[in-house]
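Reader: I'd like a close look at one bent piece of this model, and then a tour of what else is worth seeing. Please keep it informal and explain the terms as you go.

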Amino acid sequence: MNEILQLKGTFEPGKNSPMGPTNLPKNKSVTVEHLMNLKNDLMNVQKFWQNEKLQINPLVSVYYNTVVAKSNRIKGILESSSKKNNDTIVGAKFTDENKPKHIITHCLESYKLEAAILNLANVISAVQNYFGNVISHDTINDINSKKYKKLFEDKTKIKVSRTRFVNTIVDAFYVEKFGVDQDVSDMDETAIVTIYETGTKTSDIMKQLDINFLDVRNIDETTLLLRPDQYRVLISKAPYLISMAVTDISKLEKDSFYDCEDIVTSIPHPGNEPTIGVIDTMFDETVYFSEWVEFKNMVDGIDLDSSDYNHGTMVSSIIVDGPNINKELDDGCGRFKVRHFGVAKSGSFSSFAVMRAIKEIVESNRDIKVWNLSLGSALEINSNFISPEASILDKIQYENDVIFVVAGTNKTSRFNAKKIGAPADSINSLVVNSVDFNGKPADYTREGLVLSFFNKPDVSYYGGTADQRIRVCTPLGEKFVCGTSFAAPWIARKLSYLIDVLGLTRELAKALIIDSAAGWSNEKYSPQKIGYGVVPKHINQIIETPDDEIKFMINGITLDYNTFAYNIPVPEDKEKFPFVAKATLCYFPKCSRNQGVDYTNTELDIHFGTLKKKKNGKIGINPINKNKQSEDERIILYEGQARKEYRKWDNVKLLRDELLTPTGKKRQPKPNNSNGLWGLSVRTKERLNEKDGYNMRFGVIVTLKEINGVNRIKDFIQLCQFKGWIVNKLDVENQINIYHIAEEEVVFD
């Protein structure tokens, strides 16, 4: 087996190349009739707000005719520039149709709505007077090339600038209609409600609606906890204010468990083992491993019964001593200490209370890097927005150097839920589903996607099935159980070993776990159920690689639009590269729940492969997944296609060559047209007008598999050192020694 290598070198920053003036797609056009319809829509929106009693800035929903790319969002109709239009966005969702389309909501002052109507009127007049009743791609091309320069300079003829005129026409091509979105559902339970940001204080809005704001609990300025009567007032008087709403009570199904023979189990005293945080139901301090667990009850004042101690105790038993009571799942990671926080009773709990508790817990325990959360809702996630619970987890992980392992939730007998439940829709977390010991999804497995796009769960592991259950410890002795709750702790153990013992960053640790689960071909089971695959049992299968593979890790920080290294040397054979390649990228972006389906603020677009000389003479990359995004030349690539094929806006990306051709033959070596060098490029794109993605850490795991089975790792190391890379082997024994020395207590005489 080969050791995994760590490469350290210098990345170069690169600026974004301008893409030229905007235009309609080739052979496409916009009619005056459509422009008039859009103007009438805006006039109807204006009338709506003139008749509305609530004093807030108007909300305008833009109904697009497709899943729209950021570059094709409105640039000229509502405001005069792309940035100004982007700044007014307060929410986004998809239509419920089989072929989703964007609905993006803006909030802008009344005078700007009036100006937008006037702008459309001026554009309509210009098209009718000088371009006929239809304006095409070719006409826009002529305008961009300044063929009509004098016409646009004469403001008595065209009362709008050339740039805004073109942007308005292009906007109209992608916009189906304008309106005020009032599509909300009723609820009979306490609800967590997020209202749109309107520039008016929430307390003032509640006062106008006759809702006592002193009686309303809130997480932030726009996310509130409302009783059923308060929620009904809101939807009856101002349904357009509601960006998203979910029930506050997350219902938990009791876990399936059976008695097993009591076994006298002993355990040594804890030493300097790593600590994993557990947020769950209560922990019973009478169990045999209680010395390994530091427990804190976060729901003081609430009556507890014996059932409230089962789930949390079982989860912690796996983290502390799982391999000892499940010999067939020995992972080689040893034992772990646990800091266990009881935040809920069994059966049901308040999501609002748990969210507040989690934030406080993590901020008060900054020494813990890995957190296990095996609580989950029996109800399905919403396809148009992230759950409040998941949003809190994503925010915590963006702001802190921590990672959550979250159970993928189970199907239950009481709830016919097919999709996963909160907080398994957390984008930054590592979400784990359950399989049987043959790698088949368990019968209770629920599935993604999240926001109709994000690939959740991330991975799967063995959580027990009716045929072969997982053994755990409960307050009443050992039990046999099954559920995603008992798959997640095994992954938390592996992550803690990689981060706390081996010293990897969370970005690399997450990427390594996902990379280990993803083989060289697609899984036979749906990724919506199994994620990228099943994580290997033993840690050595993750931190070592076969002799015919070279696996290396790269930590990076985004420097500019393009962060790249074009000097990765790859061994040759007869002037060709005898390898297929795989690359896994992970990063933890800032997320904005109020942006709805456009949830992640930052996109890191990875290109990895052999080098090439582009048409403009510059050096580029032949990506192994044929990624056409971010190329200098203009290409037609629809947003839906980019999301599906290249995981655009997803914070986990897997690029992979297939081992075999479609006909089942062995892959042929790649031609060497690049002096033996490959390249890695990470390109940063911002959805909002901020710099959230700059100076962001990312981790990349690259695997080169020799198609003839030859071990070329020594050649690779020598070539890298010659090119200035610092190459370190992931020496497990040495890292363990370093960890133990670092954790020793120093006693001064």
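Author: Let's start with a word we'll need: a residue is buried if its relative accessible area is under 20%, exposed if it is over 50%, and partly exposed in between, using a 1.4 Å probe and protein chains only. Helices (H or I, at least four residues) and strands (E, at least two) are DSSP runs, numbered from the N terminus. This is a predicted model, where local features need pLDDT of at least 70 and side-chain atom pairs count only at pLDDT 80 or more, while totals for chains, interfaces and linings use all residues. Residues are numbered from 1 along each chain as its sequence is written, and side-chain values use heavy atoms, with hydrogens and water left out.

Now for the bent piece, helix α9. It covers residues 310-325, which makes 16 residues, yet its end C-alpha atoms are only 17 Å apart. A straight helix would reach 22 Å at 1.5 Å a residue; that expected span is 1.5 Å times one less than the number of residues. Where does α9 bend? The place is I319, with a bend of about 70°, and the proline P323 follows within four residues. The bend at a residue is the angle between two fitted axes, one for the seven residues ending there and one for the seven starting there. As for its surroundings, 15 of the 16 residues of α9 are buried, so the rest of the structure largely encloses this helix.

That brings us to the nonpolar cores. A core here is a set of buried Ala, Val, Leu, Ile, Met, Phe, Trp, Tyr and Cys residues joined through side-chain atoms within 4.5 Å. The largest one has 113 residues, and L42, F165, I169, F178 and F404 touch the most other members. Helix α3 (residues 110-130) gives this core its largest share, eight residues. A second, separate core has 70 residues, including V320 and A509. Back to F404: contact means heavy atoms within 4.5 Å, and beyond its neighbours within four places in sequence, the contacts of F404 include I279, W371 and L430.

Next, the sheets. Strands of a sheet pair through backbone hydrogen bonds, either parallel or antiparallel. Here, two strands pair if DSSP finds at least two bridges between them. One open sheet has six strands in the order β33-β30-β36-β27-β2-β37, with mixed pairing. At its edges stand β33 (652-656) and β37 (726-729); each has a single partner strand, so one side of each has no neighbour in the sheet. Neighbouring strands are turned by 20° against each other on average, direction ignored. Axes are lines fitted to C-alpha atoms, for helices over the stretch in contact, and angles run from 0 to 180 degrees between N-to-C directions. Strand β2 (residues 5-8) runs antiparallel to β37, and four bridges join the two. In that pair, K8 stands opposite I726.

Two helices lie across this sheet's strands. Helix α13 (residues 506-517) crosses β27, β30, β33 and β36, at about 35° to β36. Helix α17 (residues 713-722) lies across β2, β27, β36 and β37, at about 15° to β2.

Another open sheet has five strands in the order β3-β28-β35-β31-β32, with antiparallel pairing. Its edge strands, β3 (12-14) and β32 (619-623), each pair on one side only. The twist averages 40° from one strand to the next. Three bridges join β3 to β28 (residues 562-569), and P13 stands opposite T563 in β28.

Finally, some backbone oddities. Between β22 and β23 there is a loop that holds L449 and P457. The peptide bond from G448 to L449 is cis, with omega near 15°, and so is the bond from K456 to P457, with omega near 5°. T409 is not a glycine, yet its phi is positive, about 70°. T409 sits in the loop between β21 and β22 and is buried, at 5% relative accessible area. N695 also has a positive phi without being a glycine, about 60°. N695 is in the loop between β35 and β36, and is exposed, at 62%.
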